[in-house]
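User: I would like to go through the structural terms used for this model one by one, and to see what each of them rests on.
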Amino acid sequence: MLIGVLNPAPNRIEKNMSPQLLHFSKNSPSNLAWKANDIYRSLSIFPEASTARAALDKFPRPDLILNNLVNAETLSTPNILEFACDFADSLGLPVLNHPRHAAATTRQRNAERLSGIPNLLVPRIVRFFNDAAKRNDLVRALGHTTGFPVIIRNPFMQMGKEAAKLDTPGQLKEYLDQAPAQELYAIEFIDNPVADGLYRKIRAAVIGKEIIISHAVFARKWSVHREHDPSELE
């Protein structure tokens, strides 16, 4: 079986890298395609490349497409989502993890889906535009909706970049005064250490009724990420 993998094109290449790192180094679908290459053959496709469609005509036709354009925040941008969906649909093949479905998995939409499930605590989350003219109203509104402490983060950043925990309305206003005029997430902070001074992040996939844990990471800070400073746990 030949699987076509829709991969995001790298913005820039700053170092020598193997074809694996160039094509199959981002996100779970890409890693899955690479790690299962003893069972399946994968054909990396960069939809953003102007020559992608012409190049595909020179290769064997894939049996199905695995979409690795999976950043829901980026896909939520109308022009990008339309482009990704049009490209995927134009191939006339079954598409796993279609861009249209991937775009529905933003933090806000996931929180809305999960809220109301018995015995599941879902942090309240608000997406807002950091408008300087409405700064005081924003601080007041977020105090009512998410409360304090509150986590403010850039929707497009990963690994905690540009994320901050703010404990008071004054800290929030000071942070927003220095932040650019853009959309931001406000997320209710729920302190949930697994032990005194120790936090844990678990990532898992759910297939049917089976829960498959892909990794568990521990850190001394509340902001736990897969890649962290090893000295945190020394």
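**Terms and their grounds**

Analyst: This is a predicted model, and a first term to settle concerns Asn97, which has 36% relative accessibility and therefore counts as partly exposed. Buried would require a value under 20% and exposed a value over 50%, so 36% falls in between for Asn97.

User: Where is Asn97 placed, and what is its phi?

Analyst: Asn97 sits in the loop between S4 and helix H6 (99–102). Its phi is positive, about 65°, although Asn97 is not a glycine.

User: Why is Asn119 called exposed?

Analyst: The relative accessibility of Asn119 is 86%, and because exposed means over 50%, Asn119 counts as exposed. Asn119 belongs to the loop between helix H7 (107–114) and S5, and its phi is near 65°, a positive value in a residue other than glycine.

User: What makes Leu21 partly exposed?

Analyst: Leu21 has 44% relative accessibility, and because the intermediate class lies between the 20% and 50% limits, Leu21 counts as partly exposed. Leu21 is placed in helix H1 (residues 19–23). With respect to Asp57, Leu21 is 36 residues apart in sequence and 24 Å apart in space, C-alpha to C-alpha.

User: Why is S1 described as largely enclosed by the rest of the structure?

Analyst: Five of the five residues of S1 are buried, and the strand is therefore largely enclosed by the rest of the structure. The burial applies to both faces, with Leu2, Gly4 and Leu6 on one side and Ile3 and Val5 on the other. As background to that division, side chains in a regular strand alternate between the two faces of the sheet.

User: How do you know that S1 pairs with S2 and with strand S3 (residues 64–67)?

Analyst: Pairing requires at least two bridges between the strands. Strand S1 (residues 2–6) is joined to S2 by five bridges, the two running parallel, and S1 pairs with S3 over four bridges, again in the parallel sense; both pairings therefore satisfy the requirement of at least two bridges. On the S2 side, Leu6 has Ile45 as its bridge partner, while Val5 stands opposite Leu66 in S3.

User: What makes strand S2 (41–45) and strand S4 (95–96) edge strands?

Analyst: The sheet is open and has four strands in the order S2-S1-S3-S4, with parallel pairing. S2 and S4 each pair on one side only, and are the edge strands.

User: Which strands are at the edges of the antiparallel sheet, and how are its neighbouring strands turned against each other?

Analyst: Here four strands form an open sheet in the order S5-S8-S6-S7, with antiparallel pairing. Strand S5 (125–129) and strand S7 (164–166) each pair on one side only, and these are its edge strands. Neighbouring strands are turned by 25° against each other on average, direction ignored. Within the sheet, strand S6 (residues 150–153) and strand S8 (residues 183–188) pair in the antiparallel sense over four bridges, and Ile152 has Ala186 in S8 as its bridge partner. H8 packs on this sheet, where it touches S5 and S8, and its direction makes about 170° with that of S5. H9 lies across S5, S6, S7 and S8, and runs at about 140° to S7.

User: Why are H8 and H9 called oblique to each other?

Analyst: The axes of helix H8 (residues 135–145) and helix H9 (residues 169–178) come within 10 Å and cross at roughly 135°. Angles from 65 to 115 degrees count as roughly perpendicular and those over 145 as roughly antiparallel, and because 135° belongs to neither range, H8 and H9 are oblique to each other. The crossing is right-handed. The contact is made by Arg135, Asn136, Val139 and Leu142 of H8 together with Pro169, Leu172, Lys173, Leu176 and Asp177 of H9; these residues divide into five nonpolar, one polar and three charged.

User: How do you know that the peptide bond from Phe148 to Pro149 is cis?

Analyst: The omega of the bond from Phe148 to Pro149 is near 0°, and the bond is cis. Pro149 lies in the loop between H8 and S6.

Technical notes. Residues numbered from 1 in each chain as written. Predicted model: local features only at pLDDT ≥ 70, side-chain atom pairs only at ≥ 80, totals over all residues. Heavy atoms only, no water. Axes fitted to C-alpha atoms, helices over the stretch in contact; angles between N-to-C directions. Parallel < 35°, antiparallel > 145°, perpendicular 65-115°, else oblique. Left-handed = near helix turned anticlockwise from the far one by under 90°. Contact = heavy atoms within 4.5 Å. Nonpolar A, V, L, I, M, F, W, Y, C, P; charged D, E, K, R; others polar. Buried < 20%, exposed > 50% of the residue type's maximum accessible area, 1.4 Å probe, protein only.
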